[in-house]
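Biologist: I should be grateful for a close look at a single part of this protein, followed by an account of how the rest is arranged.

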Amino acid sequence: MTLPTSVQGVSENHRARSVGIGRAHAKAILLGEHAVVYGTPALALPIPQLTATASAGWSSHVPDGQGDLSFTMTGSASRAVVTQASEGLRRLTTAFRTRLGVADRPHLDVILDGAIPPGRGLGSSAANSRAIILALADLFGRELTDDTAFELVQAAENVTHGRASGVDAMTVGAAGPLRFQAGVATELSIGCDGLFIIADSGTAGSTREAVELLRAGFVRESGAEERFLRRATELIEEAEQALAEGAEKELGARLTDYHELLRAAGLSTDRIDAMVAAALRAGSLGAKITGGGLGGCVLAMTQPEHARQVAAQLHEAGAVQTWVVPLRRLAAHAL
């Protein structure tokens with residue numbers, strides 16, 4: 001099955017533009033963090049209200065020390081984030097030119113407007129990379145297939161995070177919820193009417209550090225890897241079935257169970273645990289950390305009539321901002 005994405009193909013014969021534009025969106029993992037790297041499925045959903053938009057164009061003015069490319073990142077990104085993004089952009093631009101056979105041109109000027117907070121498990125690096133790649137394709141008037149876009153973003157993700165599963169690179173361009181396993185994505189069947197509240201803890205996590213922490217635990221304790229993956233697979237499969245059948249309470253329970261699996265592995269934090277507990281007390285059907293861990297966001301599933309109370313309690317427990325993602329609306333966009 002071909003997964004709907006937001007790639008906008010450009011004809012090979014199209015003349016290069018003076019400005020190219022590219023867009024991508026955030027994502028959240030429902031279940032499957034870490035386990036997906038070892039071959040299990042992962043369930044993920046796009047967050048269309050959190051976007052990254054890139055523009056690329058030519059500049060006759062070359063800033064000192066910028067070489068053939070200059071980069072501007074709008075918003076309140078830290079110097080470290082901007083520096084890392086700039087270095088990644090140079091690699092990404094080189095990979096794009098090599099892959100599509102694009103000759104060097106005059107000085108390239110890229111502006112990235114990203115609303116996705118970094119280090120929160122929301123796919124900011126993948127969305128930024130995808131937006132830039134689409135902007136470059138638009139600028140150069142080159143056709144960019146879904147597979148090529150995925151491969152370029154995935155290569156950038158492997159540099160940023162180490163061994164990346166590919167779920168981020170796929171979901172930041174997906175039109176609806178998906179099941180991802182071993183590089184293959186399929187649409188998820190949605191039978192639920194609930195919604196997800198995603199709450200930012202205000203603390204950045206570290207996917208690379210979390211991956212290393214989990215791997216160290218597997219090495220230290222015999223059988224730990226097998227037990228983790230077996231339990232993760234059970235929860236993912238049960239959640240996928242519940243999602244399709246509209247069994248919202250069952251789905252919520254599996255989310256909370258997966259949080260306990262990650263918490264037991266040392267991948268949660270006190271604030272994240274407090275936010276999960278607060279969401280459950282407020283009437284959430286289930287809640288968990290989402291993303292790599294050691295910080296980031298909480299994902300809570302709830303009914304619309306409880307959404308205001310759940311969001312309020314998440315803020316009381318330390319959330320600095322929240323976003324609401326209705327399941328039915330996502331499913332409709334995927335059609």
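Which backbone oxygen lies 2.9 Å from a polar atom of the side chain of glutamine 154?

Modeller: The model is a predicted one. The backbone oxygen in question belongs to alanine 164, and 2.9 Å separates this oxygen from a polar atom of the glutamine 154 side chain. Glutamine 154 itself is placed in helix H3. Its relative accessibility is 12%, and because buried means under 20%, glutamine 154 counts as buried. When neighbours within four places in sequence are left aside, the contacts of glutamine 154 are Ala164, Ser165, Gly166 and Ala169. Alanine 164 therefore appears twice in this account, as a contact of glutamine 154 and as the owner of the backbone oxygen 2.9 Å from its side chain, in a residue that is buried at 12% relative accessibility.

The helix around this residue comes next. H3 covers residues 146-161, which is 16 residues. From first C-alpha to last it reaches 22 Å, close to the 22 Å expected at 1.5 Å a residue. Glutamine 154 is one of its buried residues; the others are Thr148, Ala149, Phe150, Leu152, Val153, Ala156 and Glu157. An α-helix has 3.6 residues a turn, so residues three or four places apart point the same way.

The wider setting is as follows. The protein has ten helices and ten strands, and of its 335 residues, 51% are buried. Among contacts between residues at least 6 apart in sequence, 77% join residues at least 24 apart. The exposed surface comes to about 14500 Å², with carbon and sulfur atoms supplying 48% of it.

Two leucines offer further examples of burial. Leucine 112 is found in strand E4, residues 108-114, and it counts as buried because its relative accessibility is 1%. Not counting residues up to four places away in sequence, leucine 112 touches Ala52, Thr53, Ala54, Phe71, Thr72, Met73, Thr74, Asn128 and Ile132. Its C-alpha atom is separated by 9.7 Å from that of arginine 23, although the two residues are 89 apart along the chain.

Leucine 243 is in helix H6 and is likewise buried, with a relative accessible area of 1%. With residues up to four places away in sequence not counted, leucine 243 touches Leu188, Ser189, Ile190, Gly191, Cys192, Leu251 and Leu327. Aspartate 193 lies 50 residues from leucine 243 in sequence and 9.7 Å from it in space, C-alpha to C-alpha.

Helix H6 also takes part in a pocket. The second largest pocket has a volume of about 250 Å³. Helix H5 (207-220), helix H6 (224-245) and helix H7 (248-264) are the elements that each give two or more residues to its lining. H5 provides the largest share, five residues. Among the lining residues are Leu213, Leu214, Gly217, Phe218, Arg227, Phe228 and Leu261.

Leu214 also belongs to the lining of an enclosed space. A search of the whole structure finds two cavities of 30 Å³ or more, and the second largest holds about 30 Å³ of space. This cavity is lined by His34, Val37, Tyr38, Val211 and Leu214.

Definitions and conventions:
Residues are numbered from 1 along each chain as its sequence is written. This is a predicted model: local features need pLDDT of at least 70, side-chain atom pairs count only at pLDDT 80 or more; totals for chains, interfaces and linings use all residues. Side-chain values use heavy atoms; hydrogens and water are left out. Helices (H or I, at least four residues) and strands (E, at least two) are DSSP runs, numbered from the N terminus. Buried means under 20% relative accessible area, exposed over 50%, partly exposed in between (1.4 Å probe, protein chains only). Contact means heavy atoms within 4.5 Å. Accessible areas come from the Shrake-Rupley method with a 1.4 Å probe; for residues, only the protein chains shown count as cover. The expected span of a helix is 1.5 Å times one less than its number of residues. A polar contact is a pair of N or O atoms within 3.5 Å; within protein, one must be able to donate a hydrogen and the other to accept it, and residues adjacent in sequence count only if both atoms are side-chain atoms. On a 1 Å grid over the protein atoms alone, a cavity is a set of points where a 1.4 Å probe fits but cannot get out, and a pocket is an open set with protein on both sides within 12 Å along at least five of seven lines; lining residues have an atom within 4 Å of a point. Grid points are joined across faces, edges and corners, and a volume is the space filled by probe spheres set on the points.
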